[in-house]
Amino acid sequence: MWMTSRQLPSGVIAARSMSAATSGKLEAFAVDAASVAENSRQVAAAFKRDGLAVVRQILPPAVAEALCSRVDAELRARQSEGDDSYFGNVYGYEDAGQRWDLKLRLSPEVKEAMRALLECLQGVLEALRPSWQLTELAAWISVQEAHFGTAKLEMGVAASWLAEAMCTFPSDPGQPVHADTSHVYDQQVVTIFVALHDVPTERGPTKMYPRSHVDGELHLGMKEVDESSAVLCTLSCGDCVLMDSRLLHCGTANTSDLHRFLFYTSWMPPARRSRGSTNTILAEYEEKLSLRRWQEWTAEDFACSQSVAQ
Ligand SMILES: O=C(O)CCC(=O)C(=O)O
C-alpha cells in the first residue's frame, strides 16, 4: 500500500492528491538518490502512476562532468567523420545543426555513469517488471536556437503521429509535444535521462505532462493536452528523470548561449522490439545488454563480443 507523505522519510516522493500531482511543480515528483534504494517499490509505484520520477543527485558532479566532456568530444568526432550511423532521428533537426541525438559507445565515462545509475535504479526497474534490456544509449544535445522549442499539439493529426511515436510539422517552430512510443500499440519503455550540467529554464529543459502516458483519449487525439499540468524538468548537474516512453513531452527552446547535453538510456522488456523512436543505440549493443547483468557489461574490461543478454 502507498504510504502517506507523513510516513515517508524526507526526500522521498510524497503521496499526492490529483490536483497536487498536476500542479506543475517538479519537486512533487522528486526524490533524493540516497533514499531510493530503501524505497524502490514506492518510487516504482509513483512512477507507474505519474509516468515520471525525478532522482536528485544520482551522478556525482565529477562523473557528470567527465561524461559531458566525452559527449562533447564524440559529437565533434562523429560530425567531422560524417558517419550517420552514430545519430538517431530527431525530426531532421541535425540538418539545422542545433539538435543532435548521438549514440554512445561504452566508454569508461559511460560505464562509470551507468554503474552509478543502475546501482540506484535497478530495484525501481525490477519493481516494475522482472527483466529489462538496454534499448538506448545516447545523448540529447541542443544548442542555442532561435526557432526551436515552442511545444504544440495538433490534435487533428495527433493519432497518426503518436502511432509513429514521433513527428515533425515543418511549419511549426520547435519540437512538438510527443510520446516516444504509442499508448495504444507499444509496450512500456523506460527512459532515464541525466543532466550533465545544470539545466535552468533558458537552457531548454524537457517539458512533461504527468499521467498522460495512460490517457487513452489524449493519445487518440480526442482531447487536448492540459498545459497547466505540464512540469518543466529544470535540473542540477547529476540529476536524473525517469520517463515512461508513452508520456507526452518535448524539448523546449534553448535560449541561452550554451549547449545542453542530456545523457540518456532506455530500457524495454527483453526479446521485443519497439516500433517507436526508442532505438537510439549502436548496432553492436542491440538486444545484448540486460539489466540483470549490468555489473558485467559496465566492468572496465568488458568487450562487446561477450553476450550478457539474459
Ligand atoms: O531534448 C529533449 O529534452 C527531449 C528530446 C525528445 O523528447 C526526443 O527527442 O524524443
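Is Gln187 buried, exposed or partly exposed? This predicted model gives us a few close-ups to explore, and we'll start with that residue.

**View 1. Gln187 sits in a loop ahead of strand β5.** The loop in question runs between α5 (158–163) and β5. Gln187 turns out to be partly exposed, because it has 13 or more but fewer than 20 neighbours by the cut-off used: the count is 16 other C-beta atoms within 10 Å. Look for Pro269 too: it is 82 residues apart from Gln187 along the chain, yet their C-alpha atoms are separated by 8.0 Å.

**View 2. Seven strands line up in an open sheet.** Reading across, the order goes β1-β2-β8-β5-β10-β4-β3, and the pairing is mixed. At the edges you'll find β1 (30–32) and β3 (99–103), each of which pairs on one side only. From one strand to its neighbour, the turn is 25° on average, with direction ignored.

**View 3. Zooming in on β3 and β4 (residues 133–142).** These two strands run antiparallel, and five bridges join them. For one pair to pick out, try Lys103, whose bridge partner in β4 is Ala138. Helix α3 comes into the picture here as well: it packs on the sheet and touches β3, β4, β5 (190–195) and β10 (260–268). The direction of α3 makes about 100° with that of β3.

**View 4. Helices α3 (residues 61–81) and α4 cross each other.** Their axes come within 9 Å, and the crossing is at roughly 145°. As α3 passes α4, the crossing is left-handed. On the α3 side, the contact is made by Val63, Ala66, Leu67 and Arg70. On the α4 side, it's Glu109, Val110, Glu112, Ala113 and Ala116. Sort the contact by class and you get six nonpolar residues, three charged ones and no polar ones.

**View 5. A nonpolar core, with α4 pitching in.** The largest nonpolar core has 71 residues, and Ala53, Ala113, Leu117, Ala139 and Val194 are the ones that touch the most other members. Helix α4 (residues 108–128) gives the most to this core, with ten residues. The same helix, α4, lies across β2 (52–56), β5, β8 (240–244) and β10. Against β5, α4 runs at about 140°.

**View 6. Helix α2 (residues 40–50) and the glycine that follows.** The buried residues of α2 are Gln42, Val43, Ala44, Ala45, Ala46, Phe47 and Asp50. Just after the helix comes Gly51, which takes a positive phi of about 85°.

**View 7. A three-stranded open sheet.** Here the order is β7-β6-β9 and the pairing is antiparallel. β7 (231–232) and β9 (249–251) are the edge strands, so to speak: each pairs on one side only. Two bridges join β6 (residues 206–208) to β7. Lys207 has Leu232 as its bridge partner in β7.

**View 8. Gln295 in helix α7 (residues 294–297).** Gln295 is partly exposed, with 13 other C-beta atoms within 10 Å. Leu118 makes a handy landmark: the C-alpha atoms of Gln295 and Leu118 are separated by 8.9 Å, although the two are 177 residues apart along the chain.

Terms used
Residues numbered from 1 in each chain as written. Predicted model: local features only at pLDDT ≥ 70, side-chain atom pairs only at ≥ 80, totals over all residues. Core = buried A, V, L, I, M, F, W, Y, C linked by C-beta atoms within 7 Å. Buried ≥ 20, exposed ≤ 12 C-beta atoms within 10 Å, placed from the backbone. Helix = DSSP H or I, 4+ residues; strand = E, 2+ residues; numbered from the N terminus. Axes fitted to C-alpha atoms, helices over the stretch in contact; angles between N-to-C directions. Left-handed = near helix turned anticlockwise from the far one by under 90°. Contact = placed C-beta atoms within 7 Å. Nonpolar A, V, L, I, M, F, W, Y, C, P; charged D, E, K, R; others polar. Pairing = 2+ DSSP bridges.
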